[in-house]
Every structure is written in C-alpha cells, then in structure tokens.
Amino acid sequence: MAEQDPAPGCPRGKQQQPAFTWEVRANDRSYHMQVRKKFAFCLSKRKYSGNAIRTAKYSLLTFLPLNLYEQFHRMANVYFVFVILLQTFPEISTLPWYTLLFPLSCLLIIRGLRDLIDDIGRHRSDRSINSRPCEILAGSRFCWRQWRDICVGDIVRLRKDSVVPADLLLLCSSEPSSLCYVETADIDGETNLKFRQALLVTHQELQSEESMAAFDGRVRCEEPNSRLHTFTGTLRWRGRTHALDGDRILLRGCRVRNTALCHGLVLYAGFDSKIMRNSGKIKRKKTKLDQLMDRLVIVIFLLLLATSLGLAVASGFWAKTFQEKHSYLAALYQHTSPAHQAFLNFWGFTILLSIIIPMSMYITFEFIYLVNSCFINWDLEMYYGAKDIPAEARSTSLSDQLGQIQYIFSDKTGTLTQNIMSFKKCCVNGTIYGSGTGHENKQPQKSGVCDVTLLEAAQRDNDPVLREFLRLLALCHTVMVEDRGDQLVYQAASPDEEALVLAARSLGYVFLGRTQDSITIRELGRTRTYKLLAMLDFNSDRKRMSVLVRDPQGTIRLYTKGADTVILERLQSRGPRESLTESALDRFAEETLRTLCVASREVSEAEFRTWGRRHREAAALLGDRARELDGLYEEMEQNLQLLGATAIEDKLQDGVPETIQLLKLGNIKVWVLTGDKQETAMNIGYACRLLTDDMEILEEKEVSEILQAYWESNNNLSGHGDAPCSLSQQHPETPCHKRAIIISGDFLDRILHTGEVLKEKKGWPWQWLCCGRAEASQDQGALVEKAFVDLATSCQAVICCRVTPKQKAVMVQLVKKHKKAVTLAIGDGANDVNMIKTADIGVGISGLEGLQAVQCSDYALAQFSFLQRLLLVHGRWNYLRICKFLRCFFYKTFAGLLAQVWFAFHSGFTAQPLYEGWFLALYNIFYTAYPVLSVGLFEQDVSAKKSLEFPELYVVGQQDELFNYRVFGVTLLHGVGTSLISFYITLWAFEDHVGTRVVGDYESFSVTVALSALLSVLVEIVLDTQYWTVLSFLMVTASLLLFCLFSFLTQTVDAYRIAPAIFRFPDASWNALTDPYVLLVVLLSLVVNTLPSLTVHAVRATLGRATTQQRIQLRARRAPEPPVELRSHVPRGSFRRSSYAFSHQQGYGGLITRGDSLRVRDSGDSGRVRDNLCVRDSLRVRDSGDGLRVRDSLHVRDSGDSVRDSLCAGDGLRVRDHLCAKATPDALSPQGTLAVPSCSCPSV
C-alpha cells in the first residue's frame, strides 16, 4: 500500500494505510456468522457486526447498576452514604438512619428518572431506525425485511428516495451505465446530488434476480474506518480482479435520488459503517460548577473531620480533667475512659456537623435546573414562527455552563447558511443589474428575476452582448434536467450552477434538455438546438469550464465561465468595458457575493479541425494524457471576449452576522468546521463577518512553517534544559487578534496523526505493554497537538474545510484537552453528531437535514441567531443564579449550623446538639430554602435587553468570577462570623442577665440563637437580591411564617405529652419570644450581623456603580459598530473575488460527454428531450461524421488481467478501432464494440 507523506513541518513519520484484511463474500451468510476475532486476551467476538444499532446507554438489566455507578461518581452522594452508615451505629447516632436515607433516595430517583427518560427516547430512535423496511435477496428473490436483519455479504435492493441502510458496493442500477444519484445531506451537509457508478462487469452481468443469487464475488478491502471520502478495495469474480474506490460505494445514511432501482452488496453493517464510526459515544457531561462542587465536598469533608478531631481531642482532655476533679463520680466512668469518650465524640461530632453539606441543596439544585430549562423552552424570543419550532432544553443539568462558553464550533451548511443560492446581481457589457433583494426560491416555476430592468432588456433582444450572456448561462453547465410533464426539474452538481440556470430561465432562456451530442434551449419562446462538440469540464485546478458548440446557423462558439483570476488573463483585449466589469466585481465582492466571469469567442472551422485532431491524439496517449489535454484546453480558452460577471448570494440564516459580532464582543471565539471546500467556507466567513479584511489569513503552508519553527526551536532547547518558546515568538509581526487560520481536513489529519487525540487502546493492559515503546512518540505527538492548539487559539477565527465528522470531534477534544476551555458545538446534520456529543454543550439546529443532531443535542434551536439569547441572556442569568444560590446556601448553612461548634466549648465537648432536632431538620427544608430558591430562579443583574446591548458582561462567567475557591472561602468566613456573633451575643446576654420571666434556660438560649441566625440569614439574602418579584417577596414572608407555624406545632405541651423523646422543647419559643429582653438580644445580634454587610454593600454600590458606568461610557464612546450589512469597507483584490465554488469534485461533464446518463433524442421528438434519465443497455463507440463524440472511457487491460492504465476519451474524442488493439477479447460486447468501465478523468 502507498504511504501518506506527512505535512510539511510535521515531525511525524509516514503512516501506513490499512491493509486489505476485510473479506466480504457475496451471498454467504454462514461465513460471516462464523468468523471471529480476538479483542482482549483470549476473548473473541464476531468480526462482522450486524446492522442493528444501539445508541442507548442502558438496558433493563444494566440501568440500575450502571446509573448508580454514574451517580456515585458525584462525591456528595458518596459523602451522604458515609454519613448514613455512621447513623446506623446507636452509640454515635443523633438521628435515625432512615431519615437521611429518604432524601438521598429521592435525589437518586429524581436523577435516575431523568436519565431514564432521556434513554427511552434513544431506545425509541434506535427501534425506529432498526425497524425500517428494506429488500434483501433471500434465495432467488428479494423479500421485505427490516434493517436489523441485514448482514455483511447480503445483496440489498434500494428504490428511489430510500435511505441506504449500510455501506454498500453498488452492483447495478436502472440508470444508464448503472449510475446512481445520491444525496449526502446527512453525511457532509451538502444537498446537491452526487453520482456513484457500478463496475461495468456487474452492470452487464447482474441484470436479473437469478444472476444476483448466483453472484459469488469476493471483496477484499480496508478494515472499517471513519474516513468518509476514501475507500480502497478489490472485487474478485470469475477469476478476474477489479479495482474499487469511493465512487463505487453507497454510504449508510445517503438517500437515493432520481434512480428507480439500484442493488448493492453490503460491505460494512451497523457500527462498522463509516457514518457510525464517526458518530461517537454518549458522554456524561458535567459542568465546571459540578466539578468544583465535587472538589469542595472533599474540602468541606476534610475540614469537618479536622474540626471533629479537634473537638474530640478536647473532649478527651476535658473528660480526664473532670474525672480527676470529681473523683466521687468514678463509679459512672468505670466502664469507659477519656480516650474511649473522645473516640465516640469524634464520630458524634462528625454526624452532628454532617448537615453542613445538606442533601436538600442538591434536590433544590435539580429543581432550579428544571425551572431554568423551562424558561428557555418558554422564551418567545427564541420561537421560530415560520416553522412553529420553539427552543428546547433537552438537558436540564447544564444551564449554568451556558454562561461560561469560550469556544463555539459551528457547522456551515444549514447552520450558518440556508444552503440556498440566489442569483443576486450581474454585470453585462459594463452595466450592473440587480436590486440586491434577489429571489430565493429554488423551484423553477417560482423563480423570479433579480431586476425588472434586466428582464425588459432581455425581452427587447436588441443587445447582442446580453443575448450571448444569457445564452451562455443556458448552455455552459453540466446540469441534468428531468421533464415531469408540467415542469422541468434541474439537478446540478452544485447549487451555484442551478442558480445560474434558473436565472437564465427566468429571463427567457430556458434549458430544456440535452443528449450526448446536443443541448436544447428555448430562447424567448424559440426552441434552438446546439450541437455539443466538446465539453471542457470544471476542476479545482482550472477553476473554469467551457463548452464548444455549433449553433443552428453552423457557427462554432466557445462559451467559458470561471473565476475572474483565470478569465481576465485570457481576454483578447482590455478596454473600458473590462474595467467597468472589474469594478463591478469589486463591488460584488464587497457585498460577499460569489462571483463568476463569463466570456465567449467564435472559433473558425479550420481552427476547430486542427484542434480536434490534436485533441484526439492527446486523448489516445497512455502517458501524460491529462497534461496534454490541459494544454489543449489552455490553447482553446484564449483570446476571449468578456461578456460580463454574475453574483450569487449564498444566503445566510437571518441574524448570523449580528450574532457572531455579539459573540465576539462577549469574548467567545467562533470556529467553523465544515465539509465544504475552502473557497466556499472563506466566502461565508467574510459574509458572516467572522473574517475581516484586515486579518492575516494563515493557510496550510504558513501553519506548517510556524509549526516547523516551533518544533525545531523546542527540540534544540530541550537538549539544554531551557524552557520551550511560545508560538507568539515564531510569528510576531501580526497581533494575534488580527489573525485567522484556514486549513483542510487532510492537513489536519497529517498534522495530528490521523486525528486520533485519544489512542484507541488506552486501557491498562496496553498501557503496561506499550508504555516503553510509545512514550517518546506520544510525548512528541502531544507537543505537536499542543503547538497547533496554541497557534489556533491565538487567532480570532479558525476555519477547517473538508473535515470528516470525526475530525470535527477531534478539534473540539483538542481544545478541551489542552486549553481546559468550555466548548459549545452547533450543527444540524448527522455529520455534526460526534462534535455535538464531544463538546461540553451540544446545540442542534432543527433544519432541513433531519433530526439526528437535535436528538443527540443538549439544546435545540431553530436558528443560529437564537444562540445569542441562549448564551448572553439565559446562559449568563443561569450562571449568575446558580452561583448566587451556592453562595447563599453555603452562607446560611455555615451561619446557622456552625453555632454547634461554639456550643461544644461550653458543653464539655459532649456533642450535645445546641438546637432542637426539628429546627435542624426543617432549617434547610422550610425556614431558609425558599428565599434561596427565589434567588436561584429569578435573580437578574441586568435585563435581557442590557445583556444583549453589553455582551462584555459575559466575560464574568468565562473567568469563573462569581463562584470559585476564593468566593467559597469568603462565604465560609462570613458564615463563621455570623454564627459567632449570634452565639456569643446571646451567651453574653444570658450569662449575666435573665428576663422578666426568668428566661435563662437551655431551651430559651437555643431558641434565641436560632432566631438570631435565621433572621440574619434572611436579611443577608434580602440585601443580596437585585431583582425582586412578587414570588421573591412571598418566599421570604413564607419562611418567617413557616418558622412560626412549625415552632408552634412542634413545641406544644400536647405534643410533648404524646412523644416526649421527639418533642423536647415544650413552649420554648413562646416563653422566649414573648420576653422583650430576648427580642432585644435578637435585634442586637441582627444589627451587629447586618452592619458589616450593609457597609460592604454601600461601598460596592458607590464604587461598583461608577465602575459599571465607566465601562458603559467607554463602550458608548467607542466608534459605533457599523450596521451589519454584507459589505466590506476595504476594496478587495482578485483573491476575494475568486472565492466562488462550483462543486467539491468534477461535475457531470464526463457523464454527459461519454453518454453514460443520456440517450439521444427520438426522431419524432419536437426539439425537446423527453427523458434524460433512462436506461441504456450498453454503450458503443461510434463514428459520427464531423461531430466529435465520446461514448465511454476505455480501460486498456493486458493479458494478465491487471489494469495497466485508464484511457479516458477527451471532450469531443472520436475513438477508433486501432485504439482497441490491446484489449482482451472478453472485454468486447456481443456487437463487437468495446464496452469497458468508465473512469473519472480530471481533464474531461
């Protein structure tokens, strides 16, 4: 196998392509069922997967253990189980164990039900896909089965508009030469049709069910992989070997179009198929706050253990001192010792203080997440009325992370654009036409015109240049047409060509159809047929295409269209008209329209005869044929006369430029990862203002040079122990914020060692076996990855073109791995699923490509523009609310419950509770829960309008400013201070004085401390709340009322008489709170606790308001952003004007000139093609007078059955018998003409 060279500047070595170890035997199920392969030690499994897929995480047997395993990855759940186990020991228990088990069970059940509901949706999706009907060859006839019944080696029949169920080798179809037209929208996002073609041998021999049942060919190909655009293999049948490539393969997920029937051999099924290899796995996503909370739980638990240990040691010393002073009580301590008491008190304090991490906080968490998700669902600003699609929060546990996004990875087609090409403007003979509001419909019967003036000029038919311009649009293309009676349906290799043909149609020049050697159009009502002499098809090197035709008057004309860079340099002369056209091109480019130049010239008969003879000779060459043909094309496409230029708009979704501008102001970087070609992606980058004119564009060569310099410098420095240099030192001439990178998937693949960031074998057996050999290469690989990521993240924009779904996920994984950044991926098709699963937040667009992306996403939107509100409004609010909720919850917990620690110093360190048991149980559930809940649900710092007006506010979440270790430490100290003040002011008051009712007992003291702490917490929450609603006020009021209600219910004398062990504080609150002295003590504690907070709030309000005003004034004083029009303010050169796109690969030109997809007109047809998509049984090479005709390409084989070369007949080639001298006899058709497989020729 050939080796793939690394990219320039890449330190990696060459990498072998996979060997041909995958063997598929047609119609041999028993073989594929028996073959097994080892996958770990002595274990084995079936080598060939079935076609049933399973994307769900759980089954009936695995749900409970697997879900519990996942949930106990949260440290808080492990902590709660530990406390419950301690409560089972009566010697140290303070509460019955089941009182803690119940809330933990509720928490686990709530989260488990949420995961179960999500997984049931995945099960339904899997069942729907696996149950799709299909026709499988069983015996000697096709039977209807389901997708899950397909096995490798089966032959499957597909009908028009059906979805391909597995990766198939196309055997034959109902189309000429067994062509099959497919739509790959779910794979690469492109809606234009692509064609696949079967081998000639299978096309000719497999024409019946009996012949297919007898087919016993063997395919040897590469192992299943994720490379969508490549395939290599061979078919061996009847003793002969035939080469296979990607043009013979139908991938799972494609949709058959314009093909009545086709048959395919299953090569890869189920998870072995290429699209499933790119789909990725479901990953459990945790927010940054979740991860921080896990670490904080460990910190709090360690603090709790340290506090308990200190109090336990103190209790041991106190017990020893007490026993020495009071020896007369020795009989009470004869069965214990100070050390034993200290040991028991350690666990007692641990249980007593365990409520510092309350379960109610996590239950409230889930409720806040749920309600905030509902707010997203209910937001009418994100409702798309045109299609009745609201925003949908499919995940309820990630809303706070929406406020911390740093990188957005976006698909292009269907996400940024509508994938609709509209003929917007044109320049003809120096005159610009078009109002800028071009028509957007793609259907021919609804096509409009871009300018009424242009339509009137075309109908007058008095301008010969305009006539030739419109005639060129109707003739110079590779569009296929299907006549459906009342309408013509065009199928183009690219939406650009379709837009041009539709524009010509709307202006009176209607493309009616074509045969192998003619093109028929209707010019202002008159039907004219042009003889097609040659077609010089488009490819990425030529950047143009031409047709050579003979008009009905016998004149030969060449019509050419292409990029301005290649057309303008081939003009016969330059004058005022050409200068006006160039100015128009600059103007079109400023509006980010896709431009083309069109030109023509007349060709004399003598020139054509000479050129045609040389063309036939060049096409007959076995070596350097492509170069010779390119040279002949170059000769013909000279001395052109410029007719004008076209401008096509690749329509963006509404609000895309504005959204990207706001996101950039919010310090969010947007990367575009697309399967489209580079020119198209760059054009969209300028259109949506991701790229600007003053940016330095780094392409693959520049990136290679920078990485090479980085690699060499670090290799040199590593030998001397110096620190590695940074990438900014390698390319310092341009500021980082004015730089953008544009690379391709192939380049990315070579740079990143086929894109595998995480090695496939990463389990512990392979780590032990391979660590010695692979450690150095892995270090080098990590260095290259990090260097590339450092370079990319230093740029303002990154565009990756022609990337596979797996490469999209690799890019996301790289940024997460090396930058520890929060990422968001947004897309609309199945090709975006892996990226959406890999990112921290996945957003699916409900677009034209199905719902695969939505089904795997965390949030679903109808338009890309809704992303600004999702992040800048809901995301920032949710992050603010969750952070404030955590601060308030931790504060109220520390402020209310740390008094237990201070009470231990005055109770002999005996772990006696300070508070009544009911107060401890209800403190976090009723007394303080609702005000904190209102903060988590309704808090806002600024309105939605201000959030969008000042996106810079979003930076707070990216920098984790609102909740981190520092904020937690401040909250802890604040809570400790509040608890100290509440406890010691009360202690001071109760030590020296008693009330008028002689209130000085333990119960009254407990009630006074509790009320002081509770009121201090509520006042603090009130002061910290910035956005008040009626519900916020009611929740604070409800907390006070509930405290009064439950205090009365749990402290009645009747309750004490019924259960004195449970209701231990009879009338304690009534006795204490009716004493004015106690009320004054509570008021004093409240004032002392509130004064520091009031002081801090006053200082913040004074300084903070000024700071905010300064920021807003600074923003207002800045030069105002220009209105977002699709215009540039710096004239661009031809580099920008040339960013048009035809198709990703060569168009239908080869098929047309070879006649693979066409039949000649019936003699009775009145100038109109009745059916262009019909079956021809065989192809013949014939001579046709003076017209140059091409019937098929010739594969010249030697007697050893191996392909020596492929001879592609050029445009207009007349193939004669003497070219067939080396063809083997069995390659001849029954009529004696050569019938051989067609090939793809870049110069045809």
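**Exercise 1.** Is Asp388 buried or exposed?

*Solution.* This is a predicted model, where local features need pLDDT of at least 70, side-chain atom pairs count only at pLDDT 80 or more, and totals for chains, interfaces and linings use all residues. Residues are numbered from 1 along each chain as its sequence is written, and side-chain values use heavy atoms, leaving out hydrogens and water.

Start with the location: Asp388 sits in the loop between α11 (359-378) and β18 (392-393). Helices here are DSSP runs of H or I with at least four residues, strands are runs of E with at least two, and both are numbered from the N terminus. Next, take the relative accessible area of Asp388, which is 53%, making the residue exposed. The cut-offs are under 20% for buried, over 50% for exposed and partly exposed in between (1.4 Å probe, protein chains only).

**Exercise 2.** Find the sign of phi for Asp388 and for Asn639.

*Solution.* Most residues other than glycine have a negative phi. Asp388, not a glycine, has a positive phi of about 55°. Now turn to Asn639, also no glycine, with a positive phi of about 55°. Asn639 belongs to the loop between α18 (625-636) and β30 (641-652) and is partly exposed at 45% relative accessibility.

**Exercise 3.** Trace the sheet that contains β30.

*Solution.* Write down the order first: nine strands, β21-β20-β30-β29-β28-β27-β26-β25-β24, form an open antiparallel sheet. Strands pair if DSSP finds at least two bridges between them. Then pick out the edges, β21 (431-433) and β24 (509-515), each pairing on one side only. Finally, zoom in: β29 (residues 594-603) is joined to β30 by seven bridges, and Val598 stands opposite Gly644 in β30.
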